[in-house]
Amino acid sequence: MLVSIHVTPSSDRPGGNPERPDPPAADRAYALTKELVLTGELPGGHLFSEGDIAERLRMSRTPVREAFIRLQTEGLLQLIPKRGVVVLPVPPGEAEDVLDAREAIEAAAVRRLVRQPELVPAALERLRAALRTQRAHGESGDLHAFADADEAFHRAIVAAGGNQLMIDFYATLADRQRRMNIRAIGPAPERPSAILREHQELITIIASGDDSAFGPALRTHLDRTHRR
């Protein structure tokens, strides 16, 4: 069953600007459906219909179908003729591929960062701010926001390295990371507090300038979270 989501037209929202039009219907259907898939509200293998999304967004099925086709090209959905659409599970091996890429990129970013010690203080401040945000979400019990903040923390590590090619490539992993984070953290209520401790350890290693210690610590962190 789909979660109940109420979407209010922009002109009816408090403080909304009636002169500012809503995004195109297909874009709204795309954004909502993708969010439901990435957060696990629509789990892998779940079968649903265009009508489910169209009803929630109070629109016709045509833009919803356009959104579904777009999500199918991204590997999140599979259209089943005369039946509806099914959420594709994470393909076997994809999670391991993502983790290997993350280890390589984040470790390389830290190696580059520590070679430029004048950049380290600002990078540490950004990482500590990201960790404070994640801790606040953990204390509030907002699992989805915590998972998003987890991705933001690791993205900040990559950004600190200053390699734009790596930053751009890492951004392409964001959707996969969000989906993996929800799957990993949701069934393990003890993990958020452990993740916060491990993130603090990564910050401490960066502050020490010992880039050789960062890779093993990151691998242990990812093992405990995703390879349990």
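Which element supplies the largest share of the lining of the largest cavity? In this predicted model, helix α10 does so, with four residues. The sections below set that cavity in the context of the chain, its sheet and its largest pocket.

## Overall architecture

The secondary structure of the chain comprises ten helices and three strands. Read from the N terminus, the order of elements is α-β-α-α-β-β-α-α-α-α-α-α-α. Along the principal axes, the C-alpha atoms occupy a box of roughly 55 × 45 × 35 Å.

Of the 228 residues in the chain, 42% are buried. Among contacts with a sequence separation of 6 or more, 70% are between residues 24 or more positions apart.

## The largest cavity

The chain has one cavity of 30 Å³ or more. The volume of this largest cavity is about 40 Å³. The residues lining the largest cavity are Arg-102, Asp-150, His-154, Asn-181, Ile-185, Ile-195, His-221, Leu-222, Thr-225 and His-226. Two or more lining residues come from each of α6 (143–161), α8 and α10 (211–226).

By class, this lining consists of three nonpolar, five polar and two charged residues. Rolling a probe the size of a water molecule over the atoms shows where empty space is left.

## His-221 at the cavity wall

His-221 belongs to helix α10 and is one of the residues that line the largest cavity. Is His-221 buried or exposed? His-221 counts as buried because its relative accessible area is 2%, which is under the 20% limit.

The side chain of His-221 takes part in polar contacts with two other histidine side chains. One is with the side chain of His-154, at 3.3 Å, and another is with the side chain of His-199, at 3.2 Å. His-154 is also listed among the lining residues of the largest cavity. Leaving aside residues up to four places away in sequence, His-221 touches His-154, Arg-191, Ile-195, Glu-198, His-199 and Leu-202. Of these, Ile-195 is likewise a lining residue of the cavity.

## The largest pocket

The largest pocket encloses about 210 Å³ of space. Its lining is formed by 13 residues, and those nearest the centre are Glu-74, Gly-75, Leu-76, Glu-94 and Arg-176.

Helices α1 (25–38) and α8 (174–185) each contribute at least two residues to the lining of this pocket. The largest share, three residues, is supplied by α8. Helix α8 also gives two or more residues to the lining of the largest cavity. The pocket lining divides into six charged, five nonpolar and two polar residues.

## The three-stranded sheet

The three strands form an open sheet in the order β1-β3-β2, with antiparallel pairing. Strands β1 and β2 (77–80) are at the edges and have a single partner strand each, so one side of each lacks a neighbour in the sheet. Strands β2 and β3 (residues 84–87) run antiparallel and are joined by four bridges. Within this pairing, Leu-79 has Val-85 of β3 as its bridge partner.

Phe-48 lies in strand β1 (residues 47–48). Phe-48 is classed as buried because its relative accessible area, 4%, is under 20%. Apart from residues up to four places away in sequence, Phe-48 touches Thr-33, Leu-42, Ile-53, Phe-68, Leu-77, Gly-84, Val-85 and Val-87. The list thus includes Val-85, the bridge partner of Leu-79. The C-alpha atoms of Phe-48 and Leu-79 are separated by 9.9 Å, and the two residues are 31 apart along the chain.

## Leu-113 in helix α4

Where is Leu-113 found? Leu-113 is in helix α4 (residues 94–114). With a relative accessible area of 2%, Leu-113 is buried. Outside the residues up to four places away in sequence, Leu-113 touches Leu-119, Val-120, Ala-123, Ala-160 and Ile-206.

Leu-113 and Arg-176 are 63 residues apart in sequence, and their C-alpha atoms are 25 Å apart in space. Arg-176 is one of the residues nearest the centre of the largest pocket.

Terms used:
Residues numbered from 1 in each chain as written. Predicted model: local features only at pLDDT ≥ 70, side-chain atom pairs only at ≥ 80, totals over all residues. Heavy atoms only, no water. 1 Å grid on protein atoms, 1.4 Å probe; cavity = no way out; pocket = protein on both sides within 12 Å on 5 of 7 lines; lining within 4 Å. Points joined across faces, edges and corners; volume = space filled by probe spheres on them. Nonpolar A, V, L, I, M, F, W, Y, C, P; charged D, E, K, R; others polar. Buried < 20%, exposed > 50% of the residue type's maximum accessible area, 1.4 Å probe, protein only. Contact = heavy atoms within 4.5 Å. Polar contact = N/O pair within 3.5 Å; in protein donor to acceptor, adjacent residues only side chain to side chain. Pairing = 2+ DSSP bridges.
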